[in-house]
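Work through the exercises below with the sequence and the model at hand. Each task is followed by a solution in steps.

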Amino acid sequence: MLKKAALTSLWFLFLTFPLLAIRVNTIEHLVEWRWKNMIYVGIGSFVLSLLWQYLLARQASARGPGEGGGSPMRSLYRRILDDRRVRYPLLAACGVFALAFPFLFPSYQTSILTTALLYIVLGLGLNIVVGLAGLLNLGYIAFAAVGAYAYALLNVHFGLGFWAALPIGALLAALFGILLGFPVLRLRGDYLAIVTLGFGEIIRLVLENWNDFSFGPSGISNIPRPGLLGVELNLQQATSYTYYLMIALCLLTILVVNRLQDSRIGRAWIALREDELACEAMGVDKTMAKLTAFALGATWAGMAGVVLAAKTTFINPASFTFLESAMILSIVVLGGMGSIPGVILGALLLMLLPEYLRVFQDYRMLLFGATMVLMMVFRPQGMVPAIRRSYQYRRDEP
Amino acid sequence: MEYFLELFVGGLTRGSIYALIALGYTMVYGIIELINFAHGEIYMIGAFTALIVASVLTLSGFSGVSVLILAAVFAVVYASAYGFTVEKIAYKPLRQAPRLSPLISAIGMSIFLQNYVLLAQTSDFLPFPNLLPQFDFLAPYAAVIGSTELFIIATTAVVMVLLTVLIKFTRMGKAMRATAQDRTMAMLTGVNVNRVISNTFILGSALAALGGVLIASHTGRINFYIGFLAGIKAFTAAVLGGIGSIPGAVLGGLLLGWTESFATGYVSSDYEDVFAFLLLVLVLIFRPAGLLGRTPTGKV
């Protein structure tokens, strides 16, 4: 094991040598040698290799005898969460904290938390498409772009307010969802992923290049914040107001997704995810199920987009790149596909951690990428795995 | 007419590069049915390695063809090493997992490699030296075809022929074809499937690195993000020709190159990338199996 780790370390030293140790300055024709990096790589890859082997071995031994089952730690934590006496006070405490947050902390913190909430909504929306229906959508942020631009453009041209734009943005995004859904109905998982990616890029490129329509790469500024029955709000009040708005939208999303999961269409999605052919054979209308998944997923993105435009008061096509879609996807993957608490936890972690640990700011995307790979290898079900609703058969009770 | 020819040659040049990268996609897909999202990044790493090696060599007094050859060799070796490692880390543990898992893992790998290069090197565009030889006899036709273009087209053609020979007539190629047809059966007849998969990744990465060196010499600048767009376009080429089919990848690459070249030349240059994506979406809608691909049938 040590020998293997040493070899791995040597291999990585070789691998990272030209990119990490040498930096060329092509303008002044200088070569900078950074030997210190090599030491970090050597030690780092040695330790990581040991860890990797240990984790793989543990995974193999867990899989070996029988079903494996959950580790005692996890079931303990589940037991605590399922206990009513703990669960409701905990939820209430979270609720009170969330409500009191804008009064306790400066508006900058509130603004950060609002962004995190926005990503919870986006994550839950994508969760419908990816987690429940198993359709990998890599262009999800495009629907948010549709919502955001719908609000911004309607406001610029017709002076429409936030509340009027919210349903319009959502509907328009749903329409785009169906528009994307129709052509890809026949495609299987990985092709679908690429087409959605292409779709997302097309939307962004059109927004960037069609200057007469979307004001091009410079974007649209001075978008009004959400209004409150005509009351004039100062900046701080507006921030708090947006925050409460986001909490409400978040709760609505959680409620709807939760209800959807156990509904007829939710079950159809899960069946579709598990086995498309068998699902069709059981009489599920595949076309309907896929289109509703796309449309409903897009609706939430559209709403989030409208709020995003209202919150930042400025949008441009650069805010809707593939990286954003990838980030939302990693929220869903990290949290646990199909699991609502998982997605919430994932969004809070991925949005808040880099914000408070400034050291990691530069490494943020690097860590996102690494997390996606590691989660797939070691814990594909996510941090908080989704629980399938199951019924126990008891003989003596009817 | 001259404008048409210029666009034609431009499309051919682009298309050759797309074809080189697309081959990596198509070979990997043919064998393990995975879209290797990190393939574009391997190509980018190849280009970066070539740039670094070429700069170091130039500063230590080398010049001319030796720089080109050494830079290309290093690029190919390193890109292959990266391709090999990526497969071992991100895909091999997921052979038995549901289809979505390796795909997500591949996206993660792609983001990781992009940011690795971004942090290790720079986020700016770096000027890439034109290492390719200049041919004097082309001077009269300079408006239509330059030396760089000729070199790229010729290199690609040679590589294609070599690859075809490798796949058709060597033991390794035979093992690869067998694995692509039926992995379990290949294993039963004594093919070392793990090694075949590794070889496929190495081969694909080497081709991508070659494409990286050639296109970087052609466009003259690189940054950490070039792999994303090139990867998507090469994937489009692979799908267009029918993924899993090697002549299909070449055909798809050339068609895509011409589409882009003529569309930007005659329609509008603002929407250069949109044409590629539109082509991809249209192909998948009307002929998901591609031009030379076979339609798979579902089994219960």
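## Exercise 1: a helix of chain B

Task: decide whether helix 4 of chain B is largely enclosed or not, and check its length.

Solution. In this predicted model, 17 of the 21 residues of helix 4 of chain B are buried, so the rest of the structure largely encloses this helix. For the length, helix 4 of chain B covers residues 100–120, and 21 residues at 1.5 Å a residue should span 30 Å. The end C-alpha atoms are 30 Å apart, which agrees with that expectation.

## Exercise 2: a helix of chain A and the residue after it

Task: repeat the length and burial check for helix 6 of chain A, then state what phi A:Gly159 takes.

Solution.
1. Helix 6 of chain A runs over residues 141–158, which makes 18 residues.
2. From first C-alpha to last it reaches 25 Å, close to the 26 Å expected at 1.5 Å a residue.
3. Of its 18 residues, 13 are buried, so helix 6 of chain A is largely enclosed by the rest of the structure.
4. A:Gly159, just after helix 6 of chain A, has a positive phi of about 65°.

## Exercise 3: positive phi outside glycine

Task: locate A:Thr313 and B:Glu33, and state how exposed each is.

Solution. Start from the general expectation: most residues other than glycine have a negative phi.
1. A:Thr313 has a positive phi near 60° although it is not glycine. A:Thr313 sits in the loop between helix 13 (286–312) and helix 14 of chain A. It has 14 C-beta neighbours inside 10 Å and therefore counts as partly exposed.
2. B:Glu33, also not a glycine, has a positive phi near 55°. B:Glu33 belongs to the loop between helix 1 and helix 2 (39–59) of chain B. With 16 C-beta neighbours inside 10 Å, B:Glu33 counts as partly exposed.

## Exercise 4: a helix pair in chain B

Task: describe how helix 1 and helix 9 of chain B pack, and name the residues that make the contact.

Solution.
1. Two packed helices are described by the angle between their axes and the distance between the axes.
2. For helix 1 (residues 2–32) and helix 9 (residues 226–241) of chain B, the angle is about 75° and the axes are 8 Å apart.
3. Angles of 65 to 115 degrees count as roughly perpendicular, and helix 1 and helix 9 of chain B are therefore roughly perpendicular to each other.
4. Helix 1 of chain B contributes B:Tyr18, B:Ala19, B:Ile21, B:Ala22, B:Tyr25 and B:Thr26 to the contact. Helix 9 of chain B contributes B:Ala230, B:Lys233, B:Ala234, B:Phe235, B:Ala237 and B:Ala238.
5. By class, the residues of this contact are ten nonpolar, one polar and one charged.

## Exercise 5: from the fold of chain A to the interface

Task: summarise chain A, then describe the side of chain A that touches chain B.

Solution.
1. Chain A has 16 helices and two strands, and 41% of its 398 residues count as buried.
2. Chain A is divided into domain 1 (2–62) and domain 2 (98–378). The centres of these two domains, taken over C-alpha atoms, are separated by 36 Å.
3. Between the chains, 44 residues of chain A are in contact with 51 residues of chain B.
4. Elements giving two or more residues to this side of chain A are helix 1 (2–21), strand 1 (22–25), helix 8 (189–209), helix 14 (322–335) and helix 16 (364–378). Helix 8 of chain A supplies the largest share, 14 residues.
5. The side of chain A that touches chain B divides into 32 nonpolar, seven polar and five charged residues.

## Exercise 6: two residues of chain A

Task: place A:Leu366 and A:Ala174 in their helices and list their contacts beyond four places in sequence.

Solution.
1. A:Leu366 lies in helix 16 of chain A. It has 18 C-beta neighbours inside 10 Å and so counts as partly exposed. Its contacts are B:Phe112, B:Asn115, B:Tyr116 and B:Leu119, leaving aside neighbours within four places in sequence.
2. A:Ala174 lies in helix 7 (residues 162–184) of chain A. With 25 C-beta neighbours inside 10 Å, A:Ala174 counts as buried. Again leaving aside neighbours within four places, its contacts are A:Ala295, A:Ala298, A:Thr299 and A:Gly302.
3. A:Ala174 and A:Trp300 are 126 residues apart in sequence, with 8.5 Å between their C-alpha atoms.

Definitions and conventions. Residues numbered from 1 in each chain as written. Chains lettered and ligands numbered in written order. Predicted model: local features only at pLDDT ≥ 70, side-chain atom pairs only at ≥ 80, totals over all residues. Domains from an automatic or database assignment. Axes fitted to C-alpha atoms, helices over the stretch in contact; angles between N-to-C directions. Parallel < 35°, antiparallel > 145°, perpendicular 65-115°, else oblique. Contact = placed C-beta atoms within 7 Å. Nonpolar A, V, L, I, M, F, W, Y, C, P; charged D, E, K, R; others polar. Expected span 1.5 Å × (residues − 1). Buried ≥ 20, exposed ≤ 12 C-beta atoms within 10 Å, placed from the backbone.
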